[in-house]
Amino acid sequence: MKALAKQLIALSTLSLAAGAALAAGTPPAAAQPSGSYVTTQQGVQLYYKDWGPRNGQPVVFSHGWPLNSDSWEAQMLFLADQGYRVIAHDRRGHGRSSQPWEGNDMDHYADDLAAVINAVDLKGKKAVLVGFSTGGGEVARYIGRHGTGKVAKAVLVSAVPPLMLKTAANPGGLPIEVFDGIRAAQTANRAQLYKDIPTGPFYGFNRPGAKVSQGLIDNWWLQGMQGGHKNTYDSIKAFSETDFTADLKKFDVPTLVIHGDDDQIVPIDASGRASAKLVKNAQLIVYPGAPHGLTDTHKDRVNQDLLNFIRN
């Protein structure tokens with residue numbers, strides 16, 4: 001009780017000091033963000049984290065829809081502890097980044113990733129790019145548009161390339177009605193949709209015998225709701241209808257593809273397996289029974305596979 005009383009007194013003292021400063025016309029210093037920001041040429045502010053030793057091999061992460069860089073924390077903490085420099089940004093319209101009305105497409109996502117890579121000092125080292133789900137498309141389009149001059153290796157995890165949408169040339173894809181349904185559900189009740197996805201197919205919690213984690217569900221919902229309504233709505237088209245085939249054919253660095261064979265969000269045959277065939281000499285690791293969100297449900301294995309690939 002005495003400790004609590006001291007904390008309350010301290011908070012009261014801070015409040016009084018702030019009030020006095022405002023009365024005197026000198027507002028207290030604003031709180032600084034825990035991370036950093038990059039401002040693009042279009043004026044879009046991109047929040048990013050930069051953890052680990054600055055002289056370590058850089059590993060740059062791109063997150064999935066509608067999440068943000070927090071979704072990579074298990075991998076970032078693990079690799080930073082192994083001596084790597086880990087960098088992850090919130091995509092435009094997601095998390096703590098700006099919410100521009102326009103430019104919510106893969107070309108802009110890739111150029112934003114380039115802006116982050118160019119803004120941080122990589123100390124002359126090439127980066128390992130790691131993309132999950134929509135972030136895998138972002139990595140692919142980055143290489144397609146900007147090449148691999150600053151890239152040492154690439155990793156696609158539960159990633160959307162080469163193309164999610166079913167077309168005449170891509171009969172194994174998902175019909176447009178699936179994505180129209182997601183858009184309709186987002187418009188009707190975004191908060192409920194962002195509960196339903198992690199509660200069900202994202203982590204495989206809808207499978208018999210699944211061990212459900214309410215914490216993962218709540219964290220997914222929280223990250224999703226931080227994003228802009230318009231931005232995350234537009235991003236559904238970006239991740240589902242963008243064809244990355246030509247981008248994948250431009251990969252000329254060692255590439256690892258990780259995918260669960262029970263992925264209900266991005267089915268493996270039309271994505272992970274297809275991408276591994278398009279990228280020259282790509283290594284494919286299939287996780288039996290793993291869901292889409294395997295960076296959490298199988299994080300220890302993902303961490304070790306990433307470490308082995310980066311080291312070798």
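## A tour from the second largest cavity outward

By class, the residues around the second largest cavity are 7 nonpolar and 3 polar, with no charged residue in the lining. To see this in the viewer, which is showing a predicted model, select Val 160, Leu 163, Met 164, Gly 172, Gly 173, Leu 174, Val 266, Pro 267, Ala 270 and Ser 271, the residues that line the second largest cavity. The space they surround comes to about 60 Å³.

Before moving on, show the whole protein as a cartoon, where 11 helices and 8 strands make up the secondary structure. Of the 312 residues in the protein, 50% are buried, and among contacts with a separation of 6 or more, 75% join residues that lie 24 or more positions apart. If you switch to a surface view, the exposed area is about 14,100 Å², with 55% of it supplied by carbon and sulfur atoms.

**The largest cavity**

Searching the whole structure gives 2 cavities of 30 Å³ or more, and the largest cavity holds about 70 Å³ of space. Select its lining next, which consists of His 63, Gly 64, Leu 67, Ser 71, Trp 72, Phe 132, Phe 202, Tyr 203, Trp 220, Gly 293, Thr 295 and Asp 296. Here the division by class is 6 nonpolar, 5 polar and 1 charged.

**Phe 132**

From that lining, keep Phe 132 selected, and find it in strand β5, which covers residues 127–132. Is Phe 132 buried or exposed? Its relative accessible area is 4%, and because buried means under 20%, Phe 132 counts as buried. Leaving out residues up to four places away in sequence, Phe 132 touches Ser 62, His 63, Gly 64, Trp 72, Val 157, Ser 158, Phe 202, His 292, Gly 293 and Thr 295. One of these partners, His 292, can be used for a distance check, since the C-alpha atoms of Phe 132 and His 292 are 9.4 Å apart in space although the two are 160 residues apart in sequence.

**The largest pocket**

Turn now to the largest pocket, in which about 250 Å³ of space lies. Its lining has 18 residues, and to find the centre you can select Trp 65, Ile 182, Ile 197, Phe 239 and Ile 265, which are the closest to it. Helix α5 gives the largest share of this lining, with 4 residues. The lining as a whole divides into 14 nonpolar and 4 polar residues, and no charged residue is part of it.

**Helix α7**

Next, select residues 229–241, which form helix α7. How far apart should the ends of this helix be? At 1.5 Å a residue, its 13 residues should span 18 Å, and the end C-alpha atoms are 19 Å apart, which agrees. Within α7, the buried residues are Asn 231, Thr 232, Asp 234, Ser 235, Ile 236, Ala 238, Phe 239 and Ser 240. To see part of what covers them, add α3 (106–119), α4 (134–146) and α5 (176–199) to the selection.

**Asp 305**

The last stop is Asp 305, which is found in helix α11, residues 299–311. With a relative accessible area of 14%, Asp 305 is buried. When neighbours within four places in sequence are set aside, the residues in contact with Asp 305 are Leu 256, Ile 258, Ile 285 and Tyr 287, and showing their side chains together with Asp 305 completes the tour.

Definitions and conventions: Residues are numbered from 1 along each chain as its sequence is written. This is a predicted model: local features need pLDDT of at least 70, side-chain atom pairs count only at pLDDT 80 or more; totals for chains, interfaces and linings use all residues. Side-chain values use heavy atoms; hydrogens and water are left out. Helices (H or I, at least four residues) and strands (E, at least two) are DSSP runs, numbered from the N terminus. The expected span of a helix is 1.5 Å times one less than its number of residues. Buried means under 20% relative accessible area, exposed over 50%, partly exposed in between (1.4 Å probe, protein chains only). Contact means heavy atoms within 4.5 Å. On a 1 Å grid over the protein atoms alone, a cavity is a set of points where a 1.4 Å probe fits but cannot get out, and a pocket is an open set with protein on both sides within 12 Å along at least five of seven lines; lining residues have an atom within 4 Å of a point. Grid points are joined across faces, edges and corners, and a volume is the space filled by probe spheres set on the points. Ala, Val, Leu, Ile, Met, Phe, Trp, Tyr, Cys and Pro count as nonpolar, Asp, Glu, Lys and Arg as charged, and the others, Gly among them, as polar. Accessible areas come from the Shrake-Rupley method with a 1.4 Å probe; for residues, only the protein chains shown count as cover.
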